[in-house]
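Me: I've got a protein model open and I'm not sure how to read it. Could you walk me through a few features, one at a time?

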Amino acid sequence: MIWDEKVETLPREALKALQVERLRDVAGRVYATVPFYKRAFDEKGIKPDDIKSMDDLKRLPFTTKQDLRDNYPYGLFTVPLENVVRIHASSGTTGKPTVVGYTKKDIETWAELMARALNAAGATKGDIIHNSYGYGLFTGGLGIHYGAERLGASVIPMSGGNSKKQIMLMEDFGSTVLTCTPSYALSLAETAEDMGVDFKNLKLKVGLFGAEPWSDKMRKEIEKKLNLEAVDVYGLSEIIGPGVGVECIEAKNGLHVFEDHFIVEVIDPETGEPLPYGENGELVFTTLTKEAFPSIRYRTRDISALDPEPCVCGRTSVRMERVSGRTDDMLIIRGVNVFPSQIESVLMNIEGVEPHYVLIVDRKGTLDTLEVQVEVNENVFSDSIKNLQALSNKIQKDVKDFLSISVKVKLVEPKTIQRSEGKAQRVIDNRKI
Ligand code: DLL
């Protein structure tokens, strides 16, 4: 299903030409209105009019989260506040949040892109969309909401939490699409089970999940437990919110980036050099049409790779691999780099282990330690000590074989690891405390 057939299947050459034209326009706007950008462009010795082709993109300066903090709250807005109709913010773990603004037209653009994303996932105007992303400063709730309305579907503005009621209403209202974080989807599955509700009796056909990393194994688990097709949606407040890229239901293999509105690059996070297609690095986005808060080469810290090959669905956009983690999530354990998602992949391949885990990092003397706490299912938990020990040894061995690190494993009782209503916290790093 393609929402905007003409644009979404534009030949790549035409798409590139559109991007260059829009890039020059946005560069001109930020240069003229935001002192921060003028300074950054001047330092690089480039003027907006110098942009003639996509090759000139790499001459533009990067923007980082720190730049947003330094210009808190409105320093990077390109329009007067009276033209801003909405403000969102993403909660940093420490200090002040990063603040983003939208004009009326930005809200329209966002709704349009989210309608595209929902449609790519298979949702249409006939659907009942149960939206459990949080409403508020977080962009998830309202982003999906406006997209669902633009699609013409019926949206149920649930927000997160109160899981029993969520299950009851999904059942009573005949919801056909669920939108929430993948970790909350699993938590809802558990609540339904406790209530004696079988997802097979619900009408859900598809789930649009994102806002945190999740593996393909996790997808299988969710699809099985919730009896639906699980589709990945990506986005971040600094770029627009959800609706930067989405998988198509036809392939579920990489996220189509909405390139008529965003330029995507993958760079080497150390050198800042753009990397060729297929290579893993840090995603960088430039917004082409945003009015209130455009971003130039924003460094996301998210890790992915790009694939320009045509997709079976007919869309011509480049696809980004599912985000495997963030450069700042990377754990360095005794010199070895590991991402929580890699541990998740190992765990999800082991029989008897549940998709609920937490990684506890500590330092004993000068040595870093990593403890994997993971839930096991009811049957396994009531098994003999010997069998539990064997399972624990297997996890240890698989992690060692695949990731070359030694970890301590703690098998815990079902439902003891804290459930999330939004983004799950997978890592507790006691070294930072
Ligand atoms: O999480 C926007 C969003 C809402 C996306 C709902 C999808 C669905 P922020 O709170 O600003 O915005 O967090 C952005 O979340 O840089 C990634 O690290 C992570 N993230 C978002 N989507 C995905 C995804 C929203 N599909 C940060 N896979 C991003 C992995 C994701 N990580």
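Me: Let's start with R363. Is it buried, exposed or partly exposed, and why?

Reply: Keep in mind that this is a predicted model. To place a residue, look at its relative accessible area: under 20% is buried, over 50% is exposed, and in between is partly exposed. R363 has a relative accessible area of 45%, so it's partly exposed.

Me: And what about D368, buried or exposed?

Reply: D368 sits at 10% relative accessibility, so it counts as buried.

Me: Which residue does R363 form a salt bridge with?

Reply: Here's the general idea first. Side chains of opposite charge can pair when their charged atoms come close. In this case R363 pairs with D368, and their closest N and O atoms are 3.0 Å apart.

Me: How many salt bridges turn up in the whole structure?

Reply: A search finds 36. One of them joins K65 and E238, with 2.8 Å between the closest N and O atoms. That pair links distant parts of the chain: K65 belongs to helix α4, E238 to the loop between β7 and β8, and they're 173 residues apart. K65 and E238 are both buried.

Me: Where do R322 and D232 lie, and what does their pair tie together?

Reply: Their side chains meet in a salt bridge at 3.3 Å, N to O. R322 is in the loop between β14 and β15 while D232 is in strand β7, so the pair ties together parts that are 90 residues apart in sequence. Both R322 and D232 are buried. They also belong to a network of salt bridges that links D216, R219, D232, E247 and R322.

Me: Now the sheet. What is the order of its strands?

Reply: To read a sheet, go across it from neighbour to neighbour rather than along the chain. Here it's an open sheet of nine strands, in the order β4-β3-β5-β6-β7-β8-β9-β14-β13, and the pairing is mixed. The edges are β4 and β13; each has a single partner strand, so one side of each is left without a neighbour in the sheet.

Me: Which helix packs on the sheet, and which strands does it touch?

Reply: That's α9, residues 216–226, which touches β5, β6 and β7. The direction of α9 makes about 125° with that of β7.

Me: In what sense do β8 and β9 pair, parallel or antiparallel?

Reply: They pair in the antiparallel sense, over two bridges. To see one bridge up close, find V246, whose partner in β9 is H256.

Me: How many residues of helix α10 are buried?

Reply: Seven of its nine, so this helix is mostly covered. The buried ones are P340, S341, I343, E344, V346, L347 and M348. As for what they pack against, the list includes α9, β18, β19 and α12.

Me: Last one: what does the radius of gyration say about the protein overall?

Reply: The trick is to compare it with what a compact globule of that length would have. For 433 residues that would be near 22 Å, and the protein has 22 Å, which agrees. Its C-alpha atoms fill a box of roughly 70 × 55 × 40 Å along the principal axes. Inside are 12 helices and 21 strands, and 55% of the residues count as buried. For the outside, the protein exposes about 19100 Å², with carbon and sulfur atoms supplying 50% of that.

Methods:
Residues numbered from 1 in each chain as written. Predicted model: local features only at pLDDT ≥ 70, side-chain atom pairs only at ≥ 80, totals over all residues. Heavy atoms only, no water. Pairing = 2+ DSSP bridges. Helix = DSSP H or I, 4+ residues; strand = E, 2+ residues; numbered from the N terminus. Contact = heavy atoms within 4.5 Å. Axes fitted to C-alpha atoms, helices over the stretch in contact; angles between N-to-C directions. Rg over C-alpha atoms; globule rule 2.2 N^0.38 Å. Buried < 20%, exposed > 50% of the residue type's maximum accessible area, 1.4 Å probe, protein only. Areas by Shrake-Rupley, 256 points an atom, 1.4 Å probe, with all protein chains shown as cover. Salt bridge = Lys/Arg side-chain N within 4 Å of Asp/Glu carboxyl O.
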